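Q: Please take a close look at the aromatic rings of this structure. I would like to know which rings pair with one another, how they are oriented, and where they sit.

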Amino acid sequence: MSESKRASEDGDPSKAGAESNVEPFPARSGPWAEGLFARYSFGRAVDEMFERPGVPLPHASALYARLAELSSDELARRQAQVEHAFLTQGITFTVYGEGQETERIFPTDLVPRLITAADWDRLERGLTQRIAALNLFLGDIYGEGKVLRDGIVPADLILGSKNYLRAMRGLKVPHGTYVSICGSDLVRCEDGNFAVLEDNLRVPSGVSYMLANRAVVKRAFPNIFRELNVRPIDHYGRALLATLRAMAPPRAERPRIALLTPGVFNSAYFEHAFLARQMGIELVEGRDLAVHDNVLYMRTTSGLARVDVIYRRIDDDFIDPLRFRRDSMLGVPGIVNAYRAGNVTIANALGTGVADDKAVYAFVPALIKYYLGEEAIIPNVETYLCRRPAERDYVLANLDKLVVKAVGESGGYGMLVGPHATKAQREEFHARVSAHPDSYIAQPTLALSTAPCFVEDGIEPRHVDLRPFILTGRETVIVPGGLTRVALRRGSLVVNSSQGGGSKDTWVLGT
Amino acid sequence: MHYSVHHVTRFRYSAPIRESLVETRLRPQADELQRLNGFHLTTHPRAQLFTYADDFGNTVYHFDIPGEHQELTIDASSKVDVDRPPTLPEALAPDAWEALRSDATKAQHFELLCPSTIAKDGEALEAFLKETGLEPHACPLATVRDLNETLYRSFTYESGTTRVDSPIEVAIASRKGVCQDFAHVMIAILRDWGIPARYVSGYVCHRPDAILDRSAPDQSHAWVEAFLPGIGWVGFDPTNDCLAEERHIRIAYGRDYADAPPTRGVFKGDAQSELAVAVTVTPSEAPRLATPFLRVLSAAKVAEAASPVTARLRSQSAQQQQQ
């Protein structure tokens, strides 16, 4: 079953060339020409394994050698094992579409993606710097508002954002940490350097896939895993728990922490249950909680038990029907008042979405400079803000070259990949951007780096990104790894799981 | 003017409910034109009260009642002293519109210039403006005065045709409504014209000649404040065709009703609720202190006690070396 599914996701190879920007590399000779890598092609994108055709990067040579030893059948067997492991563990996600929902296994590719110690060091420093600036920014816009008065970010972009929560004004959060769990999407560009494509500051998900991928892929390649001195990630649960503990109100000596899930119908319910189990904390739904006398309690079989920290996996709007959406059946009435009074901490804080808006993203390097006086260690991807007339005109004139994104959307919805779009799609976006320029940004079509993926009976390059998970309580901790997302369709640049993406295990190499 | 206000809110439920959580915005504002001499809130069933200042500076009292109950009464009484605001000029400075359009005004009152959930512009509002011929005058003050009066003339006061949070289209279509509706229509128009406007909830003490006031005397009231350059916030009451001066007691501000409801609550249980409200606003004498029963507990004589202190102060001041 998995074989046929895999084949259908790849699409018809005979047609794929038309929409692909990956040019086949013509020269082939020696062992490279035959076997697994026979169809490995190179385009303008950087490859995560090869320096040039047949020549692996130094850190990848051992893995390449190991792969080259294996037959296609052997790889298929191991791939099947990996998929079976996911199926039996129930690691699935839900795809939302127009009126229909589908439950799918998250496709995992067998071949791990390698990251060198030097690359990781830079990423770690860059992401730590970035989250520090973003937390200061959130504290500022919900506090004094200096950054707006100083004109670093236009006030209307923030105050007019539907994600700006007035309820957060003047509310103090422990350590000034608004974003305790951040998932930033990174891409490796044509110059070989990483850039940040997006920050996810609300309820970033996917870390369970990072952990699950590791558990199954290291079993598929046990020897090479040991040999490469891959840095461990299995302490993520402990690190997350320590982060959430650090966010507890000072009063709580042994804080009780609970993960607030929307429930079994949510696409990431598996992850919620998984993380709660990893941390040994309660998995609760809104109806399991109650606020009395401005204190949050959990209903237990032996009465009410005070809760100090909520790791929330539900949207701002739904968290408190007393304050926000009155029709919310998922939230806890009164939790915002208990939060304001400092009786409970909500992590991530409410109202963080205002800072991961795709338009605000464009200002992050300026924010790093403003708050920290430093240059951004990891750059942004060049971004055109359609709210600026000159940039809007450029975008409208170059829709065939750019990727256009709706400012308020995430997960790959409301997006146009210009070079791959039909004329009708481009015309539709022309009208949309002209009518609501404030709601759109555009970026150049990136040649995301490619990594070898096992497809059908061989190994081919597919575009990948990287989502590391950044934990911040009193200080910032990043588990060395992340979720490498793969655009499984040949030539496709869209890696979102909701848009037919898959994932890979990510091996950060030790020094 | 001194007022005593008594505001009772009662919720009755068709079946027993539990876990009521209620936020109230019932405490009058305390500022330079309005002194709050006393405020008292009680609930039945009894509850522990908590308070915070929301992002508009309104004082919110909130509480919860965990056990089963079928009725909830909130009793708020206040003593308030309202001064008459300075008399408005005939006209504002000639550059008043420029001042309103300045970046400084826009930055300061950004959210009170944007359409809000209830008070937002739309086709119905545009048609209304066209039909009534309403448009900005050379002076923003004259503009707001004219708007206030036109709204008074254009709408009939009739309760039951709208809800507190009805979109303005409902009132515009029927030309009927109550104070919230008129306030929302006025706010939407002012913002559309670039004049920052905010919703005010509160009470109005009715004029002795009741014909002049349309608003119901036994309910809370709502009106509008417009931000005018050189003056600041000025209250206009389109329901009663007047300025909000010393007859108006301000409780809470907001972008619209949704930010400033007198009560807002949720409960658990499958029941219909019935809301009953009684408001009395009584002009009163200046508050007096009751003295007859004071019992003297310490007998130190004030005049004598003062002198050693004065002497010590003098001696200590004299000792201070000056370099």
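A: Rings of Phe, Tyr and Trp, the last taken by its six-membered ring, are counted as a pair if their centres lie within 6.5 Å, and a pair whose planes are over 60 degrees apart is called edge-to-face. In this predicted model, that rule gives 22 aromatic pairs over all chains. One of them joins Phe37(A) and Phe50(A), which meet edge-to-face with 5.5 Å from centre to centre and 85° between their planes. The two residues are 13 apart and belong to distant parts of the chain, since Phe37(A) lies in the loop between helix H2 (13-19) and strand E1 (50-52) of chain A, whereas Phe50(A) lies in strand E1 of chain A itself. Phe37(A) and Phe50(A) are both buried, and they belong to one aromatic cluster together with Tyr40(A), Phe42(A) and Tyr64(A).

In chain B, the pair of Tyr13(B) and Phe267(B) is edge-to-face because the planes stand at 65°, with the ring centres 4.8 Å apart. Tyr13(B) is part of strand E1 (residues 2-24) of chain B and Phe267(B) is part of strand E13 (residues 263-268) of chain B, so this contact ties together parts that are 254 residues apart in sequence. Tyr13(B) counts as buried because its relative accessibility is 8%, under the 20% cut-off, whereas Phe267(B), with a relative accessible area of 30%, is partly exposed.

Charged side chains also sit over aromatic rings: Arg432(A) lies over the face of Phe429(A), 4.4 Å from the ring centre, and in chain B the charged end of Arg198(B) is placed over the ring of Tyr253(B), 3.7 Å from its centre.

How values were computed
Residues are numbered from 1 along each chain as its sequence is written. Chains are lettered from A and ligands numbered from 1 in the order in which they are written. This is a predicted model: local features need pLDDT of at least 70, side-chain atom pairs count only at pLDDT 80 or more; totals for chains, interfaces and linings use all residues. Side-chain values use heavy atoms; hydrogens and water are left out. Rings of Phe, Tyr and Trp (its six-membered ring) pair if their centres lie within 6.5 Å; planes under 30 degrees apart count as stacked, over 60 as edge-to-face and the rest as tilted. Helices (H or I, at least four residues) and strands (E, at least two) are DSSP runs, numbered from the N terminus. Buried means under 20% relative accessible area, exposed over 50%, partly exposed in between (1.4 Å probe, protein chains only). A charge sits over a ring if NZ of Lys or CZ of Arg is within 6 Å of the ring centre and within 35 degrees of the ring normal.
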